[in-house]
Amino acid sequence: YKNTQTGKELAIKIQNNKNTAIGQPAVPFVQTSFDGKTVDISAMKGKVILLDFWGSWCVPCRQSHPKLKEAYQKYQSMGFEIVGISNESISKGKSKDQQEASWRKAIEEDGIVWPNLLYDSELNDVIKTYDVMGYPTKYLIDQKGNIISKILGNSPNNHDILIKKLDELLLNK
């Protein structure tokens, strides 16, 4: 079974899940943000990073943005950075230009000011690499570059977990 297409895909999924487990180093990637700046996860070592996998079509993702904005305002000066990765390719039938337009419109409507990337599997399959299976998915990476938390979904409890971890990492140094 390991040599079948399904077996090979499952092996990749299992490996990607192991690579993004709690305690593992964040999988590095480099890509251009919506504002034309280069985002290099490796270059952010020393900061606490939240990878926010979202989409303009995802209501819970969009509902999480106001709380993320509050956290960003509170912790950014202490070494906190958010990197949004929007998956617009789920919107079947949309051209890449339409996907980009939806992404940029959501960034503007939600007032997102942190680096934000548009997922492009041909450029960098970060969705597969980080084993994202639902939206929103957030990975919290500590100052050493290690994954310390994976948060799936949007709920007040999930936000409280994130704030508690940010307090531990940034206020209790």
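Author: Happy to chat! One term up front: contact means heavy atoms within 4.5 Å. This is a predicted model, where local features need pLDDT of at least 70, side-chain atom pairs count only at pLDDT 80 or more, and totals for chains, interfaces and linings use all residues. Residues are numbered from 1 along each chain as its sequence is written, and side-chain values use heavy atoms, with hydrogens and water left out.

Reader: Nice. What covers the buried residues of α3?

Author: The cover includes β3 (48-54), α2 (59-75), β4 (80-86) and β5 (116-118). Helices (H or I, at least four residues) and strands (E, at least two) are DSSP runs, numbered from the N terminus.

Reader: And which residues of α3 are buried?

Author: Gln99, Ser102, Trp103, Ala106, Ile107 and Asp110. Buried means under 20% relative accessible area, exposed over 50%, partly exposed in between (1.4 Å probe, protein chains only). Seen down the axis of α3, the buried residues fall within an arc of 135°, so they line one face of the helix; the arc is that of the directions from the helix axis to the C-beta atoms.

Reader: Which residues are exposed on the other side of α3?

Author: Asp97, Lys105 and Glu108 are exposed there.

Reader: Cool. What comes after α3?

Author: Gly111 follows α3, and its phi is positive, near 65°.

Reader: Switching to the largest pocket: by class, what's in its lining?

Author: Four nonpolar, five polar and five charged residues. Ala, Val, Leu, Ile, Met, Phe, Trp, Tyr, Cys and Pro count as nonpolar, Asp, Glu, Lys and Arg as charged, and the others, Gly among them, as polar. A pocket is an open set of points on a 1 Å grid over the protein atoms alone, where a 1.4 Å probe fits, with protein on both sides within 12 Å along at least five of seven lines; lining residues have an atom within 4 Å of a point.

Reader: Which element gives the largest share of that lining?

Author: That's α3, with five residues.
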